[in-house]
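Visitor: Could you take me through one part of this protein in close detail? I would like to look at the open sheet and the helices around it.

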Amino acid sequence: MLFQQGAYMQLDINRCLNQMHNGVECSHCVSHCPGQALILANHQIYLVQDHCLGCGLCFGDCPTQVFGSSQWDETTIGQAVEAQEAEVTQIFCGYHSTPYLCKEDQEKGAIQIPTCLSAISKGMWYELGLLGGIELRLDECQDCPMKSCLERLKISLETAMEWLEASGHTPDFSLIYTADKAKKRKKLQAVSTGLKVTSRRDLFLILMGRKHEDKPSGQTDMADGKEAQKRTGVNALPDWQKRLGDSYSRHFQGGGSPAFWPFIQMSTECVNCGMCAKYCPTQALTIEVGEGECVHYFTSGHCLDCRICMLFCPTRSILRDRLPNAHPFQKQAIFKTTVGKCKYCGAETITGQDDLCYWCKEEPSEEDILSDARKKLFGKLG
């Protein structure tokens with residue numbers, strides 16, 4: 001399998017929510033890894049390569065795309081499905097033997113990916129659902145060491161189907177748990193995909209069923225957090241969620257029941273300190289100021305439910321929930337207030353009797369600072 005013992009995997013711990021705020025306590029990858037190959041220690045993620053089963057679940061399960069690879073690109077799956085032009089496409093994993101052809105399967109497309117099916121993100125399943133019927137071959141999963149990944153796979157599929165229905169489409173996903181006996185002993189012409197496409201020639205080779213050469217065993221591309229590219233200030237939204245925002249908006253037809261998405265409400269205790277927007281890892285929360293008015297905007301479809309906004313809020317003015325939203329990728333105003341300049345630091349603040357922002361108001365006075373200094377000085381002399 002492509003990611004056996006972590007081959008080709010890269011780790012960017014600077015994208016990890018635990019690095020951004022230790023109170024987040026995100027454990028998606030650690031708690032769901034079937035081989036227990038991932039360890040969270042001192043707010044950092046470590047990979048035990050000898051335990052890696054090669055499922056790729058962490059690729060689709062991590063909310064901020066900590067795990068990446070120069071060889072893996074799930075968008076090629078959609079390209080291969082489109083190229084086959086079949087009404088229904090069967091998809092099976094790298095460990096599954098190529099299914100034999102049944103009479104009913106003659107017109108179906110066939111895709112084999114080099115990982116477990118759980119590696120495919122919710123957003124990619126949504127995109128595949130827009131292309132036609134999808135059949136997932138799970139008939140050999142019960143004897144697989146990665147069978148616990150099926151739970152995460154089902155959650156991803158259910159979420160994608162909810163999004164399809166909410167945007168006005170009819171999802172057509174089927175899970176095949178029992179293999180039918182084929183009368184004709186002829187294997188499906190499956191396309192191997194999910195590999196990185198770097199040129200048109202690569203795409204041609206993949207569609208012709210030829211794989212990229214495997215990397216020599218024992219060599220990996222693991223990137224240590226200190227050597228990984230610095231991402232300070234970079235939007236941590238995963239690629240699949242960026243694509244989802246574009247695809248969801250373009251294919252929205254209406255008519256379906258709105259899906260449930262994250263929701264944030266600001267209470268009147270908000271002091272407009274700006275901490276929530278400043279530390280939001282995906283910029284789902286933004287603040288705009290103009291002509292004496294400050295407006296807080298929220299884009300529900302970009303929210304990770306990470307709670308960082310709540311953890312940073314000094315006045316606990318943020319309430320979180322999940323509510324139906326027909327247009328999750330449109331930013332919505334959630335809080336408005338009149339503002340003025342802080343007379344000390346010049347920051348935009350809610351105007352009051354003292355005209356001070358929250359931080360200047362909380363700072364100790366010069367008299368208190370001098371008093372503390374005297375106590376420390378006389379304490380040492382005494």
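Guide: Here is a walk through the sheet and the helices that lie on it. This is a predicted model, in which local features need pLDDT of at least 70 and side-chain atom pairs count only at pLDDT 80 or more, while totals for chains, interfaces and linings use all residues. Residues are numbered from 1 along each chain as its sequence is written, and side-chain values use heavy atoms, with hydrogens and water left out.

Let us start with the strands (DSSP E runs of at least two residues, numbered from the N terminus, as are helices, H or I runs of at least four). Five of them form an open sheet with parallel pairing, in the order S8-S7-S5-S6-S9. Strands pair if DSSP finds at least two bridges between them. At the edges are S8 (173-176) and S9 (191-192), each pairing on one side only. S6 (residues 109-112) runs parallel to S9 and is joined to S9 by two bridges; here Ile111 stands opposite Val191.

Now for the helices, where contact means heavy atoms within 4.5 Å. Angles run from 0 to 180 degrees between N-to-C directions, with axes fitted as lines to C-alpha atoms, for helices over the stretch in contact. Helix H4 (residues 75-84) lies across S5 (88-92), S6 and S9, at about 160° to S6. H5 also packs on the sheet, touching S5, S7 (133-137) and S8, and its direction makes about 125° with that of S7. Helix H5 (122-131) is also among the elements that cover the buried residues of H8. Those buried residues (under 20% relative accessible area, 1.4 Å probe, protein chains only) include Trp240, Leu244 and Tyr248.

Note on methods:
Buried < 20%, exposed > 50% of the residue type's maximum accessible area, 1.4 Å probe, protein only.
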